[in-house]
Amino acid sequence: MRVKEVMTSNASCVRSSESLSAAAKLMWDCDCGAVPVIDEASRVVGMITDRDICMSCWSQDRAPSALQVAQSMSRALYTCTPEDTLASAEKLMRSRQVRRLPVIDEQGRLAGIISLADLVKHADGQATREVAAHELTSTLAGICQPRAVAAPPSINA
């Protein structure tokens with residue numbers, strides 16, 4: 001089975017030049033905790049999460065309206081294509097400890113998003129599964145493993 005059969009194709013996104021307030025409002029309106037970030041050419045250049053917004057505002061002691069998405073987004077970008085298999089998307093999520101992957105076209109533009117929740121919903125009740133339940137469990141466990149934590153930035157720095 002291919003990513004295009006399970007992904008959310010009308011995924012919301014935010015521009016890197018927009019404020020964190022705009023990103024937070026989009027997440028609230030769409031009931032999601034992360035959105036892909038696009039540049040002026042509509043290419044995916046990062047991801048931003050609700051946690052990124054909170055930590056950026058806290059660490060810089062600034063309001064979300066005073067900060068741009070580009071200042072807070074994750075530039076470590078892991079993506080897949082609509083033609084990738086569900087198994088390859090799941091393995092990438094597990095190895096990179098991410099819950100969502102932007103799905104991009106040949107030009108690097110957003111085609112959709114696939115999440116661990118999408119994989120779980122697809123696997124639930126399927127007689128033949130490309131991604132076995134134990135693999136999903138392993139992926140969830142891998143994603144939840146603590147990463148090396150850096151010291152928090154000083155507000156007064």
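This section describes the fold, the sheet, a helix pair and selected residues of a predicted model.

The protein has 157 residues, of which 36% are buried. Its secondary structure amounts to 6 helices and 5 strands. Along the sequence these elements follow the pattern β-α-β-β-α-α-α-β-β-α-α. Among contacts with a separation of 6 or more, 60% link residues 24 or more positions apart. The accessible surface is about 9000 Å². Carbon and sulfur atoms contribute 51% of that surface.

An open sheet is built from 3 strands in the order β1-β2-β3. The pairing in this sheet is mixed. Strands of a sheet pair through backbone hydrogen bonds, and the pairing may be parallel or antiparallel. Both kinds appear here: β1 and β2 run parallel, whereas β2 and β3 run antiparallel. Strand β2 covers residues 34-38 and is joined to β1 by 2 bridges. The link from β2 to β3 comprises 5 bridges. Val-37 in β2 serves as a reference point across the sheet. Val-14 stands opposite Val-37, and Val-37 in turn stands opposite Gly-46 in β3.

The edges of the sheet are formed by β1 (14-15) and β3 (44-49). Each edge strand has a single partner, so one side of each lacks a neighbour in the sheet. For β3, the rest of the structure supplies cover. Of the 6 residues in β3, 5 are buried, so this strand is largely enclosed by the rest of the structure. Strands β2 and β3 form a hairpin with 5 residues between them. Within the turn, Ser-42 has a positive phi of about 65 degrees.

Helices α1 (residues 20-30) and α2 (residues 50-60) pack against each other at an angle of about 145 degrees. Their axes lie 10 Å apart. The crossing is left-handed. On the α1 side, the contact involves Leu-20, Ala-23, Ala-24 and Met-27. On the α2 side, it involves Asp-50, Ile-53, Ser-56 and Cys-57. By class, 6 of the residues in this contact are nonpolar, 1 is polar and 1 is charged.

Several residues of α2 are withdrawn from the surface. Ile-53, Ser-56, Cys-57 and Ser-59 are buried in this helix. The cover over the buried residues of α2 includes α1, β3 and α3 (69-72). Ser-56 illustrates the arrangement. This residue lies in helix α2 and has a relative accessible area of 7%. A value under 20% counts as buried, so Ser-56 falls in that class. Beyond residues up to four places away in sequence, Ser-56 touches Leu-20, Leu-67 and Ser-72. Leu-20 is also one of the α1 residues that meet α2. Just after α2, Asp-61 takes a positive phi of about 50 degrees.

Positive phi values also occur in other loops. Asp-31 is not a glycine, yet its phi is positive, at about 55 degrees. Asp-31 sits in the loop between α1 and β2. With a relative accessible area of 72%, Asp-31 is exposed. Gln-97, likewise not a glycine, has a positive phi of about 55 degrees. This residue is placed in the loop between α4 (86-96) and β4 (100-104). Its surroundings contrast with those of Asp-31: Gln-97 is buried, with a relative accessible area of 17%, while Asp-31 is exposed.

A contact distant in sequence involves the segment before β1, where Thr-8 is found. Thr-8 is partly exposed, at 31% relative accessibility. Thr-8 and Ala-111 are separated by 103 residues in sequence. In space, their C-alpha atoms are 8.7 Å apart. Apart from neighbours within four places in sequence, Thr-8 is in contact with Gly-112, Ile-113 and Asp-118.

How values were computed
Residues are numbered from 1 along each chain as its sequence is written. This is a predicted model: local features need pLDDT of at least 70, side-chain atom pairs count only at pLDDT 80 or more; totals for chains, interfaces and linings use all residues. Side-chain values use heavy atoms; hydrogens and water are left out. Axes are lines fitted to C-alpha atoms, for helices over the stretch in contact, and angles run from 0 to 180 degrees between N-to-C directions. Helices (H or I, at least four residues) and strands (E, at least two) are DSSP runs, numbered from the N terminus. A crossing is left-handed if the near helix is turned anticlockwise from the far one by less than a right angle, and right-handed if clockwise. Contact means heavy atoms within 4.5 Å. Ala, Val, Leu, Ile, Met, Phe, Trp, Tyr, Cys and Pro count as nonpolar, Asp, Glu, Lys and Arg as charged, and the others, Gly among them, as polar. Two strands pair if DSSP finds at least two bridges between them. Buried means under 20% relative accessible area, exposed over 50%, partly exposed in between (1.4 Å probe, protein chains only). Accessible areas come from the Shrake-Rupley method with a 1.4 Å probe; for residues, only the protein chains shown count as cover.
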